[in-house]
Amino acid sequence: MANATGLNTSEVAGSVGLILAAVVEAAALLGNGALLVVVLRTPGLRDALYLGHLCVVDLLAAASIMPLGLLAAPPPGLGRVRLGPAPCRAARFLSAALLPACTLGVAALGLARYRLIVHPLRPGARPPPGLVLTAVWAAAGLLGALSLLGPPPAPPPAPARCSVLAGGLGPFRPLWALLAFALPALLLLGAYSGIFLVARRAALRPPRPARGSRPRSDSLDSRLSILPPLRPRLPGGKAALAPALAVGQFAACWLPYGCACLAPAAQAAVAEAPVTWVAYSAFAAHPFLYGLLQRPVRRALGRLARKALPRPPRACAPRAWHLPALLQHLQGRSESPALGPSEAPEQAPDLPRRESFSMPGAT
């Protein structure tokens, strides 16, 4: 009975994990696809190349390593499909290459925004995006090649260990973790710390007096008006929101995976499925964090949605009033007699009908 209860509990946990993983997979595909369409249809968007690159990396991961995690994760993982030696090596290479491409792409996007905010008038201080992304993919390819130097897949009775955590990199796992997670984390932390300091300094700066403004009087009311409010807020609170969300999301998604890479392979294999899918949730969080939270992206998305959705037909077209039509309408109403013919005042007989009531004649 106890064995049956434990089996049912493990089956329920596996089913719940499978549903959550499928939701993460669908959110990554739909969110990154929609954001990529917005980036391609909006030519004047800032950081468009870095944002589009991040969407492409997330889509590649959602189309390759996430389905492998659904189907071929080892017990107590989500799937039960066993991979052969060649697909196992391909899965290792994709995981070891796409994860650093994602983290380094996020760091490159943060550095680009830092240079755009801190040095907006110095375009020479910003390297070309193509060169930066080429360096990102070169580093990701080298880190992916380290997986090919790891131990070969185990024979069929033993688990294949096709992931990075379960011994796919062999002795290169600490080096891979430092270059794939520690270096992008330091770059991202430095970039967003600089953005926060600049925004807080701008928030603490007193506003400039407007031109033509009168000097403040020395009355009691003017003295009371310059007192601080009863509940002072921390300056730069809005400025701290975006850096805190970016750094917090990076740490929450990638820190467990990086720590598991530094642990022994036997201990890392036990927590492989939850740690891996926590890291994969970053692919679904990027479109909302770097897309919908940005005002230009929201405006472009709303504009494209209004163009795509059909407009409902109007029931009645509003009547447009122009100035000549309005004057003609008012004259027509003034000419129609409001009183009856018997009640209308009689005109004096000695006044001619066509007499002009000018000022000299009246005088």
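This briefing describes the main pocket, the annotated membrane spans and one glutamate of the structure above. The model is predicted, so local features need pLDDT of at least 70 and side-chain atom pairs count only at pLDDT 80 or more, while totals for chains, interfaces and linings use all residues. Residues are numbered from 1 along each chain as its sequence is written, and side-chain values use heavy atoms, with hydrogens and water left out.

**Largest pocket**
- The largest pocket (on a 1 Å grid over the protein atoms alone, an open set of points with protein on both sides within 12 Å along at least five of seven lines) has a volume, taken as the space filled by probe spheres set on the points, of about 910 Å³.
- Its lining, meaning residues with an atom within 4 Å of a point, comprises 27 residues, and R46, A242, L293, Q294 and R295 lie nearest the centre.
- Helices here are DSSP runs of H or I with at least four residues, and α9 contributes the most to this lining, with seven residues.
- By class, the lining holds 19 nonpolar, two polar and six charged residues, where Asp, Glu, Lys and Arg count as charged.

**Annotated spans**
- An unreviewed UniProt entry places the feature "transmembrane region" at residues 12-38, 50-73, 93-111, 131-149 and 175-199, although such annotations may be inferred rather than shown by experiment.
- Residues 93-111 are 100% helix, with end C-alpha atoms 27 Å apart, whereas residues 131-149 are 79% helix, with end C-alpha atoms 28 Å apart.

**Glu25**
- E25 belongs to helix α1 (residues 2-41) and is buried, with a relative accessible area of 10%, where buried means under 20% with a 1.4 Å probe and protein chains only.
- Leaving aside residues up to four places away in sequence, E25 touches A62, M66 and P67, a contact being heavy atoms within 4.5 Å.

How values were computed: On a 1 Å grid over the protein atoms alone, a cavity is a set of points where a 1.4 Å probe fits but cannot get out, and a pocket is an open set with protein on both sides within 12 Å along at least five of seven lines; lining residues have an atom within 4 Å of a point. Helices (H or I, at least four residues) and strands (E, at least two) are DSSP runs, numbered from the N terminus. Buried means under 20% relative accessible area, exposed over 50%, partly exposed in between (1.4 Å probe, protein chains only).
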